[in-house]
Amino acid sequence: MIAVIGLLVGVALGLVLKPDVPIGLEPYLPIAVVAALDAVFGAARAFLDGIFDDKVFVVSFISNVFIAALIVFLGDKLGVGAQLSTGVIVVLGIRIFANVAAIRRHLFHA
Amino acid sequence: MGLLPYLTAHALDEDYAQAAARRAAGTTAGGAAPRRRIGLAGALALAVFAVLAVTAAAQTSQDSVTQERERRDLISQVKDRKAAIEAERRTVARLRSDNGRLQSALLRNSSSAGGVLADLSLLALRSGTSAVHGPGVEVIVDDAIDAQSDRFKVLDSDLQKLVNGLWRAGAEAISINGERLTNRSAIRNAGSAISVNYTKLSRPYRILAIGDPKTLPSLFADSTSGQAWLDLQRQVGLRFSMRTQSSLRLPATEAPDLRFAKTATAAHGRGAS
């Protein structure tokens, strides 16, 4: 319940405040969102597995976002920003798919 | 283990399992109950996630809107400028014709001008700044039927040959698709089209040449350019037709001002005199 409230509050805040992303951080935002998405799906799966842990979720969320942004930053500095971003997106995408598959098994027993 | 199987096997962060194991060990040791509710910190992280996602989505849609608006702005600017140039051109043409009219009126009224008016109209006739009419030939050339490549199209060099041949055959004034040729006209490829006097032409090309209608066609056919065009017609399939006309009217052109060329006098002329 509190999770849904948190989500709704976040959406409302984002819509109302419309935070202006600094131009320097703009390239990192999309990949940070994908990384956060991975953390959220991981947490959902852990919740259904019965091993959810608040602290682990928060830590994995922050580290995921941070590392994703860091990788893009490093890639930009090394001149392989686009390729590294693609790599990160692929890895996170596979993880998200695997976690969603596990969630599906829990919810539909299929 | 390959990379892909590893990724799918470890999709869930191992920390969850480890934390659960630690908790299980703690419980058996008589600690707190297993905690699997989402607490305030988790909700906060979810809120942050929602803000991030909404911001990213808003940013993306806003960017695309901005880009689209910029594109439209640029297009409308281009259109405005084009219209402005067109208007200026019309003004220039109008002023020129006014100028010519006033000039001739002035010269006609002054008694001392004498033959200046006649000289002026003759010069205008020769330089292409006044419209001319007279007998001549009408030549229509076009690309080959079903022209696939440039080889089967009328090129700027083909038109140059044609015009050269017509001058050679005694043409006194020539226009291509209503563009009068002067001593400063260039026939050249500009992009995919042929341009004359900085105006793009489109096929078919209609060339009007004023001259002796009796001799122009035969002299043209005898010239090397005429032969070259005969070859083009036969081998490449370019379309070519020449008809004599008893009366043709060729338009005037705006002659650009001369900025560097000055009349060479005995004092200044250094070349052959």
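1. A good place to start is strand β5 of chain B, residues 193–196, where the side chains alternate. Ile194(B) and Val196(B) point to one face and are buried, while Ala193(B) and Ser195(B) point to the other and are not. Here "buried" means that 20 or more other C-beta atoms lie within 10 Å of the residue's own, "exposed" that 12 or fewer do, and "partly exposed" anything in between, with C-beta atoms placed from the backbone. Helices (H or I, at least four residues) and strands (E, at least two) are DSSP runs, numbered from the N terminus. The pattern fits a familiar rule: in a regular strand the side chains alternate between the two faces of the sheet.

2. Before going further, a word on what we are looking at. This is a predicted model, in which local features need pLDDT of at least 70 and side-chain atom pairs count only at pLDDT 80 or more, while totals for chains, interfaces and linings use all residues. Residues are numbered from 1 along each chain as its sequence is written, and chains are lettered from A and ligands numbered from 1 in the order in which they are written.

3. On confidence, the model scores ipTM 0.84 and pTM 0.52. Chain B has an average pLDDT (the predictor's confidence in each residue, from 0 to 100) of 83, and 91% of its residues score at least 70. Among the elements of chain B, the lowest mean pLDDT, 78, belongs to helix α4 (residues 116–127), and the highest, 91, to strand β7 (residues 205–210).

4. Back to the strands. In chain B, β4, β5 and β6 form, in that order, an open three-stranded sheet with antiparallel pairing; two strands pair if DSSP finds at least two bridges between them. The edge strands are β4(B) and β6(B), each of which pairs on one side only. Helix α5 of chain B (residues 156–168) lies across β4(B) and β5(B), and runs at about 170 degrees to β4(B). For that angle, axes are lines fitted to C-alpha atoms, for helices over the stretch in contact, and angles run from 0 to 180 degrees between N-to-C directions.

5. Two hairpins are worth a look. Strand β4(B), residues 187–190, is joined to β5(B) by four bridges, and one of the pairs is Arg188(B) with Ser195(B). Two residues lie between these strands, and Gly191(B) in the turn has a positive phi of about 70 degrees. On the other side, β5(B) pairs with β6(B), residues 199–200, over two bridges. That hairpin also has two residues between its strands, and Asn197(B) takes a positive phi near 55 degrees.

6. Which residue is the bridge partner of Val196(B) in β6(B)? The partner is Thr199(B). Thr199(B) is partly exposed, because 14 other C-beta atoms lie within 10 Å. The C-alpha atoms of Thr199(B) and Asn177(B), 22 residues apart along the chain, are separated by 10.0 Å.

7. Now the overall make-up. Chain A consists of 110 residues, 34% of them buried, and has four helices and zero strands. Chain B has seven helices and eight strands, and 22% of its 273 residues count as buried.

8. How do the chains meet? Counting two residues as in contact if their C-beta atoms, placed from the backbone, lie within 7 Å, 39 residues of chain A are in contact with 32 residues of chain B. On the chain A side, α1 (2–17), α2 (28–49), α3 (54–78) and α4 (81–108) each supply at least two residues, and α1(A) gives the largest share, eleven. That side divides into 26 nonpolar, seven polar and six charged residues. Ala, Val, Leu, Ile, Met, Phe, Trp, Tyr, Cys and Pro count as nonpolar, Asp, Glu, Lys and Arg as charged, and the others, Gly among them, as polar.

9. Finally, the cores. A nonpolar core is a set of buried Ala, Val, Leu, Ile, Met, Phe, Trp, Tyr and Cys residues joined through C-beta atoms within 7 Å. The largest has 37 residues, and those with the most contacts inside it include Ala32(A), Phe52(A), Leu46(B) and Phe49(B). Two or more residues come from each of α2, α3 and α4 of chain A and α2 (14–28) and α3 (40–109) of chain B, with α2(A) giving the most, eleven. Apart from this core lies another of 29 residues, among them Leu162(B), Ile194(B), Leu201(B) and Leu216(B).
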